[in-house]
Amino acid sequence: MVRMGAIDTEAKAYMSDKTRFADAFNFSIYNGDYVIQPDNLNPMDTAAITLPYGVKAKVAIQKYRDLLKLYAAMRDEQAIYLVLGLELQTHIHYAMPVRGMLYDALNYSQQVTEAAASYRKDNTSQSNEEFLSGFRKGDRLMPVITLTLCLSAEPWDAPTSIHEMLSVTDERLLKFVPDYKLNLLAPAQIAEEDFGKFRTGLGAVMQFAKHRNDQDVNWMAGNKRFEEMDRETADLIKTVTGADIHFDEKGEVVNMWAAWENGINQAKMDGRSEGRNEGREEATLCNIRNLMETSGWSARQTMDAMKIPANEQERYAKQI
């Protein structure tokens with residue numbers, strides 16, 4: 001069994017690739033259109049530290065995001081800046097909206113803190129209100145978008161917003177309670193025809209996760225991405241799904257369709273072989289008991305007479 005830490009580490013390494021990272025956001029935000037360019041993504045520090053109760057707070061809050069990148073590009077002669085965070089889940093998380101909201105809030109807080117620090121360093125002229133705020137009237141924050149990428153084959157049955165997690169349903173109250181919407185990308189929620197909108201191996205990972213428990217491989221038939229899969233994608237699929245897949249350890253390109261089909265056929269053969277072995281053992285046990293009853297011999301005497309090998313006698317003796 002693969003340890004959870006190993007799955008998380010491999011998934012994080014896989015998605016740290018800028019092209020795959022952009023693919024996840026382009027699929028979720030732009031329906032697969034190639035808008036977010038990988039070359040315009042730059043890594044950011046994934047540690048967010050803030051003092052939510054003021055500078056006199058004794059305990060700082062520190063949270064580590066899975067992946068965080070700054071998107072900087074020019075569009076219509078205007079600079080566009082986005083903070084894009086990716087949270088990887090190999091299992092369903094029933095408090096994920098709270099976690100996502102906290103991450104985003106910490107990042108906004110960090111932006112304000114950095115703005116205040118820059119003004120102090122440059123001795124920039126500010127009004128009293130701006131000085132106390134640490135933020136000037138004309139300042140603007142960079143939008144923070146967090147995407148939760150779930151690699152589980154199970155349908156996401158957890159809340160996707162803060163309001164879903166609350167114990168009250170009174171709309172008059174809820175109007176005064178800020179909501180937070182979880183941006184979720186999960187295999188079970190992707191329509192079959194939409195997997196083709198992915199431009200990287202991430203689409204194959206998601207599609208394989210969705211069909212992990214299928215008894216046949218017809219959904220792979222004719223799909224070139226499974227016949228000519230890059231090794232990193234094949235390795236991640238094997239690690240995340242725990243599928244019994246065997247492919248050439250040296251090959252950089254993997255025929256996942258053939259490897260998965262061979263694994264299923266081998267499992268069927270192993271099952272039939274195991275069934276035959278169990279049948280033979282049951283018949284041998286029956287013969288031992290019958291001979292013991294008619295001869296009055298002990299189990300050992302009976303097995304010796306039947307010429308049962310010594311290394312097998314102990315196993316039969318425990319069942320008699």
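Ser127 sits in the loop that links helix H3 to helix H4 (128–133). Its relative accessibility is 31%, and because buried means under 20% and exposed over 50%, Ser127 counts as partly exposed. All of this describes a predicted model, so please read each value as computed from that model. From Ser127 to Lys137 is a step of 10 residues in sequence, and their C-alpha atoms are 9.3 Å apart in space.

Follow the chain back from this loop and you come to H3 itself, which spans residues 96–122. Helix H3 lies across strand E4, strand E5 (78–89) and strand E6 (144–150). Its direction makes an angle of about 145 degrees with E5. That brings us to the sheet.

How many strands form the open sheet, and in what order? There are five, arranged E1-E4-E5-E6-E7, and the pairing is mixed. At the edges stand E1 (41–43) and E7 (183–185). Each of these two has a single partner strand, so one side of each is left without a neighbour in the sheet. On average, neighbouring strands here are turned by 30 degrees against each other, direction ignored.

Let's walk across the sheet, beginning at E1. Strand E1 pairs with E4 (residues 67–75) in the antiparallel sense, over three bridges. Within this pairing, Asn42 is found opposite Leu70 of E4. The next step, from E4 to E5, is antiparallel as well, with nine bridges. Here Leu67 faces Leu86 of E5. E4 and E5 form a hairpin with two residues between the strands, and in that hairpin Asp76 takes a positive phi near 55 degrees.

From E5 onwards the sense of pairing is parallel: E5 and E6 are joined in that way over seven bridges. Leu86, which we met opposite Leu67, has Leu147 as its bridge partner in E6. Leu88 likewise stands opposite Leu149 in E6. The last step takes us from E6 to E7, which run parallel and are joined by three bridges. Leu149 appears again here, standing opposite Leu185 in E7. As a rule for reading such a sheet, in a regular strand the side chains alternate between the two faces.

Are E5 and E6 largely enclosed or largely open? Nine of the 12 residues of E5 are buried, so the rest of the structure largely encloses that strand. For E6 the count is six of seven, so E6 too is largely enclosed. Thr148 is a good residue to look at in E6. With a relative accessible area of 1%, Thr148 is buried, because the cut-off for that label is under 20%. Which residues does Thr148 touch, once its neighbours within four places in sequence are left aside? The list is Glu87, Gln89, Met96, Leu182, Asn183, Leu184 and Leu185.

Now move to a pair of helices, H7 (residues 202–210) and H9 (residues 231–241). Two packed helices are described by the angle between their axes and the distance between the axes. For H7 and H9, the axes come within 10 Å and cross at roughly 30 degrees. Since angles under 35 degrees count as roughly parallel, H7 and H9 are therefore roughly parallel to each other. The crossing of H7 past H9 is right-handed. On the H7 side, Ala204, Val205, Phe208 and Ala209 take part in the contact, and they meet Thr233, Leu236, Ile237 and Thr241 of H9. Sorted by class, this contact has six nonpolar, two polar and no charged residues.

What does the burial of H9 look like along its length? Eight of its 11 residues are buried, so the helix is largely enclosed by the rest of the structure. The buried residues are Arg231, Thr233, Ala234, Leu236, Ile237, Thr239, Val240 and Thr241. Directly after H9 comes Gly242, with a positive phi near 70 degrees.

The chain then enters the loop between H9 and strand E9 (253–254), where you will find His246. Is His246 buried or exposed? Its relative accessible area is 58%, and because the exposed label needs over 50%, His246 is exposed. His246 and Met256 are separated by 10 residues in sequence, and their C-alpha atoms lie 9.0 Å apart in space.

Methods
Residues are numbered from 1 along each chain as its sequence is written. This is a predicted model: local features need pLDDT of at least 70, side-chain atom pairs count only at pLDDT 80 or more; totals for chains, interfaces and linings use all residues. Side-chain values use heavy atoms; hydrogens and water are left out. Buried means under 20% relative accessible area, exposed over 50%, partly exposed in between (1.4 Å probe, protein chains only). Helices (H or I, at least four residues) and strands (E, at least two) are DSSP runs, numbered from the N terminus. Two strands pair if DSSP finds at least two bridges between them. Axes are lines fitted to C-alpha atoms, for helices over the stretch in contact, and angles run from 0 to 180 degrees between N-to-C directions. Contact means heavy atoms within 4.5 Å. Angles under 35 degrees count as roughly parallel, over 145 as roughly antiparallel, 65 to 115 as roughly perpendicular and the rest as oblique. A crossing is left-handed if the near helix is turned anticlockwise from the far one by less than a right angle, and right-handed if clockwise. Ala, Val, Leu, Ile, Met, Phe, Trp, Tyr, Cys and Pro count as nonpolar, Asp, Glu, Lys and Arg as charged, and the others, Gly among them, as polar.
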